Structure formats: structure tokens, C-alpha cells
Amino acid sequence: MTYELIRDALTAAGEQLKERFSAGDNVVELVHARAALIDEQLIRLWKDHGGTDDAALVAVGGYGRGELHPASDVDIMVLVPDLMPKASEEALAAFVTSLWDVGLEIGHSVRTVAQCFDEAGKDLSIATTLMESRLLAGPESLFEAMQAVISPDRMWPSKAFFKEKRKEQIRRHHRYHDTAYNLEPNVKGSPGGLRDIQMIGWVAKRHFGAATLAELVDHKFLTRGQLKRLQDGEHFLWRIRFALHVMTGRREDRLLFDYQIHLAEMLGYEDASYTLAVEQMMQRYYRTVMELSRLNEMLLQQFEEAILMDPSAPIERLNDRFAIKNGFLQTVDEKVFKRDPTAMLELFLLLQQHPDLQGVSAYTVGSIRRHLNLIDDEFRQNPRNHRLFLNILRASEGVTHELRRMNLYGVLGLYIPSFGRIVGRMQYDLFHAYTVDEHTLFVVSNLRRFALRRYNDEFPHCSEVMQTLQKPEIAYLGGLFHDIAKGRGGDHSELGAVDAEAFCLEHGMSKSDAATVAWLVRHHLILSTTAQKKDLGDPDVINEFAEIVGDTLHLDYLYLLTIADVRGTNPKLWNSWKAQLFRDLYELTKRALLRGLENPIEGEQLVNEKKSKARRYLEAAKVDGEQTLRIWRLFDDNYFLRYRSSEIAWHTEWLADSNIDSNTGLVDVRRRRSGDGVEAVFYTPRTKHTFAQATAVLDELGLTIVDARIVPLENNYSIDTYVFLESDKRVEIDEQRINKVRRALTRILTVEDDKVAKVTRAVTRQARMFSTKTRVDFSDGPTDDQTVLELTTADRPGLLSKVGQIFIVQGIDITSAKIMTIGERAEDVFYVSELSGLPLSATRRNALAQALRDELGESKK
């Protein structure tokens, strides 16, 4: 058969496998059929090029297992004798060339038996690849000789093999942040992925000589139920991987956003009332890998006990139900959980009370799994279990660790059924980086770190507040329930508050404490949205928020939960600007509460206090008092309310040292005094609209704008300020970077308003997968001369500049912008007015809304 015919046959057979996959054929058959197809063609080419008894053709790695997906690596080894006739060498070279001629992308090596011994002895990955080898053609004696030299009695005995493979898995899991719940997981390498199943097989093969996982049942290392769960999980992941290869036409093992919707459609998922098809598919994926992670941990622990530990080690009895052996907690016999199901919660409390324990014995983990059916309504209503669960939350050590273990073992989702419904639930957006259950446990972990003195240096103020609370478990329960109603439809905060209060009352907590937990769940978003969307310089905003909070205790709990929640949602979300906003709102509200709600703070008093504090800064900087008064005559009360005293002092000192009669205006840039980021201030004639130009320049420089304020002055000039952070955290904000920003912003002063710089940065790969409908909402402003515009649209480079240009065309003045980006979606708030200083009429609102919708559309694609 000619190369062209072989190439055509391979292509046709590959297309047939894809058709069979689309028709719903068993993926196991397809994976093995692909390997058999390659076997057939390789053996044919081997024979066509005079394959002799001198060398052996060997399949290695995944191909050696007889498993090939459409674009999997095809790895072979040609095993040769120490001395090889020249004719055989030429035939071998022609064979390798023919592989490329027929279009096969083969990974190949040529080794002697001695070379196999040397290289496998030095490199465990090579030894593992050769362990999975399979003879395709050539002398069996040569193949058997190779197998003999890599056997456990010659190299990598099972003890050393297990230790190194365990380290290898730990390193691999670290690369994926030790979680199976990444939004774009790798079906092969992520925790709970295919590599974890292969890990079990490798150790089994090395220790027992087991060729298949099924043989572990005979060795009493697996039950038939566990074997089925392993196989079912593997086959599900195979379907996803096969589909990824078919869809992309290449070896792609990452479940990227780009593929997830199409993949869900390929696998037959459909949108339901409250969950998208893609969310259903990903929830099954996450639940599958969670189960595989559980089995991987249990089986590796079992191997560790069998391979590394002393089987005759003494047993230390803890009580009638538990004992310690080899540093691991275990039940005293196999019937403990059947006799006393409560022991399934007691186990986690014992682990907290004995922090020196290395973990739970493999048999006990398996026993928990076999007895999960006993966690029923009777179990959940048992007062003893209520006490145990609260004691776990109140423990001095190990709270988060044991909650995670409870979730991994399947106990937490059964004890709190509403938590079970969010296990593996993902939200298809760029805002939530984790599944709901993983996020929830991150939130509790963040709260827990606030409570432990050894972490005081991370968030000193949060630690200070948390460590004054008499009942930190209220915060933990708020964290545990805050998102528990996600995916049910309706307001998850309200629904979750009902669940939280019922749970707390059932567990014997006081009505007051239960109400506090429910209040936290119901209002867990309000501090974040108030801080990021409203003007904290407005006393009415603070007084209104203080009325909702009611007292300083509720404020403390809410402040801590908010920070823990935002930090646990997405590691890219938290920054010093948010920290400052949340702290400002906390301090202002606390002050209002201490004054008493019946005695709200007035704007005039705030202005006087800020002036007094700013004067102290200016006196320390040796700014002349008369100069200060000269500049302050330009500022009205609105200015003083909207800036911190340190900012007022900066603006004053800068203007006092500048020509404030400049026709073109002035600009200054400095590193923020609190936290990271940079702030810029413009002093320009009122006719100069800096917003569209400044935001374009900053965006093009790769800076993320988080705040903009424009305050008119008494001399027909305005103070325009911008706070911005580096979009790429790898970029250092040094003096050189600040000077570059300053030069770029200074050029704006001499550019006409309609000459706005073009933003050339592209939309990110992930963001392109989402479509967001533009929504424009108006409400009356906090003062008689303002209108509040809330804009929800797709985030994209240059968005703020486009909005600013629309404002110019429409004749709209902007006085403030609160910038809030939620993943792929922008939720920005603008305080605007007519050029005459009046609020927008209904007609003007409609015209502006239509202009924004026309320009921004439904998506940034």
C-alpha cells in the first residue's frame, strides 16, 4: 500500500471514529479502536521496511496502554540489540521516515536494553513510560529482556517508586493551585484528572504487578463499588477529552471557556430553568473529579500504609470508637459507624484535638464512604450531632481544614443538604474563579485566618476586629451560608438567610445569634456595593447605610465577611483600592453608629474636620497659611466632602506652588500614599473635558481605572482626579513608570477634546466568549443638580473613553465615576448633569440611553 493510500485510510478511519462518537458510541471502544488502528498501520509499515529479528517495535506510555484519543501523542520505542547490521539500521531509518510520510506525528526513541536500564534508573518518568510498554512487532526475547532490567528488583523498588510518584503528584497539583475546581481545568493534569487515575495504576503495577485496576479488587485494595466509580469517572473524562480533540483538531486537554459551551452541546446537555447547559456539564465534571480526588487520596493512603508503614505498629486507643496507628486516625473496627453514626462527625473533632495526626487511615476513609447513607434526617436532627458540629466550628485549630475534609469525604453536603446542592456548581462567568462550594470554603478560610494571631500581618485591621468578637462562629456560619442558595432561582441572599436561620435554631443557638447569621447572609453584598457604587463623601449615604446595619457588632461581622467574600471570589479581584473603600465605609459607619442614629453627622461638621486635618498636613509641609486660604477659596463644600484630608493637602500644596491661571491647565501624578496604585490630578478650565482622553490614555498604557471624580471650582476651572492600578500585576510601578504616565497625561492638556487617543489593546480570549447586553438605568442624584446613571455592559478596552466621548457629544457633564468590573461585565455608576448644572430631564435621559446602547451594543465581540 502506498503512503498516500495509508494516509487516506488513516484519515477515513479517524473521521469514522468521530462520527461514531457523535452518534453516542461507547468512548472506551473508540479509544481502544484508535489505538488498534495505529497498531495496524505501524505494523504494516514496519513489515514494509524489512522489520527483522534484530529490533523490536514497542508502544510506550498511553499508547502502550492501548489508549489513544483522536490527537493523543503516539509514542513508540525501537528496541535494538547492542550491535546491529548496517542493513537493519538503514531499514530502521526508512521506517522512521515513512511515519512522517503517511502523516503520523510520532514521538520515537531508539534504545538498547542497556540504555533502557541506564535512563530509566536515572529518570522515573522514563521508567514509568517503559512500565506501560507493549510489544507491537519484533523478538519477544528482546522485549522481555528490557522488562526484566526495569523490574522492581533491579531499579525503583515499590517503596522508592511510591515516594517519588507521590512527590511528583504533589508538584503537579501545585501547578493547578491544589484544586480541582479551576474554571478552566485540565482534564488530564488537574487534581482529580486522568493523571490521578493513572497514578493509582502505576503504583499498583509496581507494587502488585497488577496489569489493570480491576486486579486491585483481588488484592483487597479496592472494592467493586470503588472500582466502578473509578472506571465511571475515567470514562466520563475520556468523553470530554475525546470531544475536545474532535472539536479543536489537536491535542487539547484544557477545558477553556472557548470550548465549554460547544462541548456541552456536543455531549447532549440542554439549558434548564435555572442552570445553563454548560453549568450542568461543568457541575458533573467537578463532582466527578472530586470523587476521583477522594479515591486517589484514599488509595494512595492505603498504598502508603502497605508499602511504607509498619504493619505491626502499636495501636493507641483514644476511646471506644477510635484509635491511632502509624500516626493515622482509624476506627477500632469496621462496624463503628454502623453502631454509632455520630462517630462520622466525631472523627473530624478528634482530628482538631490531635493536630499531630497525619490524617485518616485509608480503611476508615472507605468506611465513611460506605456509611454515608446513615447521614439522614434522623442524623441531622440528633442534638449530639448538633453539638459536635458547633464544636468543630468553635475549635481553636483546624476549622477550615476539617470543613474541607468533610466536603471531600462527602459528609458536609449530606449534613447540610443545601450545601450538597452547590457542590461542583459553577457560574459561567469570569467573576467567580471557583465553584460555589470551593468559594464558600475559601471564604470561611479567610475568616479563620483573621481569627488566628499567627496571620495578623496579612490583614492587621481585620485581625484586630475579628479577635475582639466573642462568637467568631457567627462569622463562619455567615460565610458557610452566604451563597448556599445559588442556582435555585430567586434572590439567593434571601433564600440563604432562611436556610441559615433554620439551621442555627435547630442547632440550639439563641434567637439573637441565629438572626445575626441570617442578617449577614441577607445583606452580605451591601457593604461591597455601597462602597464601590455610592459616594462615600455624601453623609446621607453613610447615614442610610448605618441605619441598615444598626449597631457596631453587625458592622464588624459584615465588614469581615465582605472582605473574606471578595478575596475568596477571585484572587485577581482584591486590591488596595477595594481595601481602602471598605475600610473608609467601615470607619465612617462606625462613627455614625457611635454618635447614634438619632444624631446623624452633618456635612458642615465633616468639612470642618477635614480642613483641620488637612491644615496639619500642610503646616508639616511648610505651606504658607495665606497660600492655603487662597487655594481653598476655589473649593466649595462638595470638594471637601469628596476627598480625604491627605488628598486635599496634596492638591493644595501642588496648586499653591503652580500657576493656577494657566490657560492650558496643570497635571500631577503620584503613587498612592495608602496601598498600591497611582493617582493623577488635573486642574483645567471647565470647558476642557479630560475624562474621555485620560481614560483612553490610561487604558492604552495597561492601567485599570478604579475611580474618577470631577469637581467644579469657583473660577470656572475643575479638579479632575483618577485612581488607577496596573492591569498586569507583574509590572512594577516605579518612578520611571510614573514619569511615563505623567508625560502621557500632560499631552492631553494641549489636545482638543475630539482628538481622543485610540485604545489598541485587544479583548482577552476569555472575555470574547461572553455576550453582555447593555443596560442603562437612571435615578435621581443625592443633590438637586445630579442624575445617577448606572451602566451595565460588556467590559472591553477603551470602554470608559467611549462613554466619555458620548457624554461630550450629548452635552453631558460628569462629576463622578465609580468603576466596578465584575469579570467580563462592567457595572459602572456615573454622576452626571446638564452643562447648565441641572439634572437630566426624561427626554435627555432617553436620548443618552439610546446613544449608549447604539455605541456599546450587546457585546464587545
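Accessible areas come from the Shrake-Rupley method with a 1.4 Å probe. On that basis, the accessible surface of the protein chain comes to about 37,100 Å². Carbon and sulfur atoms account for 48% of this surface. The model is a predicted one.

The protein chain holds 861 residues, and 57% of them are buried. Its secondary structure consists of 38 helices and 17 strands. The C-alpha trace spans about 100 × 70 × 50 Å along its principal axes. Contacts were also sorted by separation in sequence. Among those between residues at least 6 apart, 70% join residues at least 24 apart. The charges were examined next. The chain carries 110 positive and 126 negative charges. The mean positions of the two sets are 2 Å apart.

Open and enclosed spaces were then considered. The second largest pocket has a volume of about 990 Å³. Its lining comprises 26 residues, and those closest to the pocket centre are H173, D178, S293, E297 and L408. Four helices each supply at least two residues of this lining: α8 (158–175), α13 (277–307), α19 (399–409) and α22 (436–451).

D178, one of the residues closest to the centre of that pocket, lies in the loop between α8 and α9 (194–208). Its phi is near 60 degrees, a positive value in a residue other than glycine. D178 counts as partly exposed because its relative accessibility is 45%, a value between the 20% and 50% limits.

Five cavities of 30 Å³ or more were counted. The largest cavity has a volume of about 130 Å³. It is lined by 14 residues, of which H689, F691, I710, D813 and I814 are the closest to its centre. Helices α35 (690–700) and α37 (799–810) each supply at least two residues of the lining, as does strand β15 (812–818).

A positive phi also occurs at N716, with a value of about 65 degrees, although N716 is not a glycine. N716 is found in the loop between β11 (703–712) and β12 (717–726). The relative accessibility of N716 is 59%, so the residue counts as exposed; the cut-off for that class is over 50%.

Two further positions, S367 and G107, illustrate a helix and a strand. S367 lies in helix α16, which covers residues 362–370. Its relative accessible area is 1%, so S367 is buried; the limit for that class is under 20%. Leaving out residues up to four places away in sequence, S367 touches E334 and F337.

G107 is placed in strand β3, which covers residues 106–112. It is partly exposed, with a relative accessible area of 29%. Neighbours within four places in sequence aside, G107 is in contact with V74, D75 and I76. G107 was also compared with a residue far along the chain. N570 is 463 residues apart from G107 in sequence, and the C-alpha atoms of the two are separated by 39 Å.

Note on methods. Residues numbered from 1 in each chain as written. Predicted model: local features only at pLDDT ≥ 70, side-chain atom pairs only at ≥ 80, totals over all residues. Heavy atoms only, no water. Buried < 20%, exposed > 50% of the residue type's maximum accessible area, 1.4 Å probe, protein only. Contact = heavy atoms within 4.5 Å. Lys, Arg positive; Asp, Glu negative; His and termini not counted. Charge placed at Lys NZ, Arg CZ, Asp CG, Glu CD. 1 Å grid on protein atoms, 1.4 Å probe; cavity = no way out; pocket = protein on both sides within 12 Å on 5 of 7 lines; lining within 4 Å. Points joined across faces, edges and corners; volume = space filled by probe spheres on them.
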